[in-house]
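Student: I am new to this protein and should like to look closely at one part of it. Please take a single side-chain contact as the starting point and then connect it with its surroundings.

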Amino acid sequence: MKLNPVGRQFALSALALAVSSGAYAVTDEDIMNDHETADTVVSYGMGLQGQRYSAIDILNTDNVQSLQPLWAFSFGGEKMRGQESQPLVEDGVMYVTASYSRAYAIDARTGEEIWQYDARLPDGIMPCCDVINRGGALYGDLFFFATLDAKLVALNKETGKVVWIKPVADYQEGYSITAAPMIVKGKLITGVSGGEFGIVGKVEAYDPATGDKLWTRPTVEGHMGYVYQDGEAIENGISGGEAGKTWPGDMWKTGGAATWLGGTYDPDTDSLFFGTGNPAPWNSHLRPGDNLFSSSRVALDPDDGSIKWHFQTTPNDGWDYDGVNELISFDYEENGTTVKAAATADRNGFFYVLDRSDGSFIRGFPFVDEITWAEGLDENGRPIFTEGRPGDPADVEGEKGESVLARPAFLGGKNWMPMAYSQDTGLFYVPSNEWAMDIWNEPVSYKKGAAYLGAGFTIKPANEDYIGVLRAMDPKTGEEVWRHENRAPLWGGVMATAGNLVFTGTPEGYLKAFDARTGEELYRFNTGSGVVGTPITWTMDGEQYVSVASGWGGAVPLWGGEVAKVVKDFNQGGMLWTFKLPAEHAGQDLADR
């Protein structure tokens with residue numbers, strides 16, 4: 001094994017001392033070292049950089065066939081729908097969230113429930129893309145997660161009792177939160193959802209002990225950022241410097257750019273990386289200009305939320321190609337020099353490699369089979385547009401403009417489902433989809449709390465035999481090293497391990513493992529419902545475990561059009577599965593590890 005299980009850290013941070021009475025409080029050091037720790041998973045992304053790579057190699061290509069289900073925990077009741085959560089594990093306890101803003105603590109050895117918390121959701125919540133939740137955060141003796149009515153909740157991780165609840169935004173305006181918050185430098189950081197309702201995207205930091213707001217940074221040009229001292233807001237500069245530079249009129253006031261997937265953190269540059277969603281409305285003819293900072297990646301100072309740099313993947317986005325997908329830090333060698341890079345696979349079908357110190361463009365290339373809206377990228381990474389933009393309804397008589405066939409569909413070459421990076425192969429493993437859409441623009445005006453699209457669409461499969469494609473991509477060459485095609489769309493996250501394995505799930509219900517170098521399928525287990533969660537792995541008592549949430553749902557059955565017919569017979573569910581490789585199948589004396 002490349003990495004020995006690490007014992008608990010007893011040197012607590014100042015905040016952890018303040019909020020914890022337990023022996024195993026989660027510290028800043030625990031979180032910063034999460035990617036190197038075998039016996040815990042205390043952050044979304046299996047490390048703040050979001051590589052989703054585990055250095056544990058007990059489970060490998062030689063013995064993965066012996067991976068066995070250990071227990072399955074039901075989320076219970078009638079609250080099914082999509083289960084997109086990534087579990088956390090600490091001191092033998094698993095923490096996981098579920099649909100309808102629920103949270104659980106579970107005994108990781110037995111699968112028995114320790115506590116359950118159900119948020120009291122009001123009528124009228126407006127999540128665009130199912131009632132999912134992607135996970136939580138641990139710090140001190142608290143477990144944090146966000147709710148569909150745009151609140152942050154802090155629970156005592158031992159008892160599940162509420163410590164504090166704070167509103168982040170007004171759900172009646174269309175705001176919600178589905179992403180896992182993160183802890184960076186003693187701050188609880190969150191984004192917001194709601195881009196289809198004309199909200200204003202933002203990233204905010206809170207005091208984990210009290211829930212007091214520390215800073216806020218809007219991600220639409222023209223809005224003021226603030227830091228908070230003694231409960232008072234102090235101006236901290238306008239995003240972009242001034243209003244209206246890349247937006248016409250007052251469109252920036254309802255500009256979208258929701259930060260709905262959460263962020264990653266790079267300690268080398270001390271930067272938070274967040275992606276921003278589509279500009280509002282979808283009808284791009286109403287808002288000529290680049291529409292900053294929509295469909296972009298932004299680097300933020302974690303101390304005060306200031307924007308360090310941005311990179312926009314789809315200027316004047318007219319296809320709903322959110323730029324929200326995760327930006328993952330990684331290093332590679334080129335001409336004897338270590339390149340400090342970051343990579344993202346965008347919904348628009350292009351894979352981008354950036355210099356993470358300043359956001360400058362290194363290279364970009366398609367990772368899907370066909371792109372119609374752009375013919376390529378220029379030397380700065382800016383798209384070279386084709387004539388594939390939906391028509392302006394103002395140019396024709398009637399209620400909609402000219403329809404165009406676009407690839408990828410707006411659900412993206414890759415949507416929310418996180419990819420993984422292997423430090424061994426140097427490859428990214430990208431869960432992607434091949435689909436097309438007919439899209440057209442319509443007249444629209446903003447109304448608080450109402451859908452703000454100005455577009456219509458129909459999604460269709462691009463191939464008869466498959467939609468989903470798990471791809472191994474080389475970020476240095478743009479080469480697709482291998483691919484695995486799947487009949488239904490892929491909608492779950494990916495994990496890579498030092499055992500030369502890549503794990504992901506399918507809507508057909510399978511947890512699968514592949515050879516990271518060749519793409520050969522080595523293992524499958526049917527969980528009974530579609531897997532749209534993200535797997536994790538850890539060690540306990542000298543054995544390696546794998547866990548994943550199962551429960552079909554998410555955006556595909558709601559927005560998928562013709563694609564939804566492919567998955568219409570898939571069963572909903574709500575289970576958390578845990579597997580282990582028994583010691584007798586590990587292949588060597590674990591006492592030597």
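What kind of contact do the side chains of Glu84 and Arg134 form, and what is the N to O distance?

Tutor: The model is a predicted one, in which local features need pLDDT of at least 70 and side-chain atom pairs pLDDT 80 or more, while totals for chains, interfaces and linings use all residues. Residues are numbered from 1 along each chain as its sequence is written, and side-chain values use heavy atoms, with hydrogens and water left out.

Glu84 and Arg134 form a salt bridge through their side chains, with an N to O distance of 3.0 Å. The term denotes a side-chain nitrogen of Lys or Arg within 4 Å of a carboxyl oxygen of Asp or Glu. Glu84 belongs to the loop between strand E2 (68-74) and strand E3 (88-90), and Arg134 to the loop between strand E6 (113-118) and strand E7 (137-139), so the bridge ties together parts 50 residues apart in sequence. Helices (H or I, at least four residues) and strands (E, at least two) are DSSP runs numbered from the N terminus. Glu84 and Arg134 are both buried, that is, under 20% relative accessible area, whereas exposed is over 50% and partly exposed lies in between (1.4 Å probe, protein chains only).

Arg134 also leads to an internal space. Six cavities of 30 Å³ or more are present in the structure, and the largest of them holds about 350 Å³ of space. Its lining consists of 31 residues, and those closest to the centre are Cys128, Cys129, Arg134, Glu196 and Trp260. Arg134 thus appears both in the salt bridge with Glu84 and in the lining of the largest cavity. A cavity is a set of points, on a 1 Å grid over the protein atoms alone, where a 1.4 Å probe fits but cannot get out; lining residues have an atom within 4 Å of a point. Points are joined across faces, edges and corners, and a volume is the space filled by probe spheres set on them.

The second largest cavity has a volume of about 120 Å³. Among the residues that line the second largest cavity are Tyr44, Arg52, Leu261, Glu326, Trp416 and Pro418. Its lining also includes Gly262, Gly263 and Thr264.

The contact between Glu84 and Arg134 can be set beside other salt bridges, of which the structure holds 38. Asp303 pairs with Lys185, their closest N and O atoms lying 3.1 Å apart. Here Asp303 sits in the loop between strand E19 (296-300) and strand E20 (307-312), and Lys185 in the loop between strand E11 (182-184) and strand E12 (187-190), so parts 118 residues apart in sequence are tied together. Asp303 is partly exposed, at 40% relative accessibility, and Lys185 is likewise partly exposed, with a relative accessible area of 38%.

Another pair consists of Arg524 and Glu521, whose closest N and O atoms are 2.7 Å apart. Arg524 counts as partly exposed at 41% relative accessibility, as does Glu521 at 27%.

Salt bridges also link several residues into a network. Its acidic members are Asp369, Glu370, Glu434, Glu480 and Glu485, and they are joined there with Arg407, Arg471 and Arg483.

Conventions: 1 Å grid on protein atoms, 1.4 Å probe; cavity = no way out; pocket = protein on both sides within 12 Å on 5 of 7 lines; lining within 4 Å.
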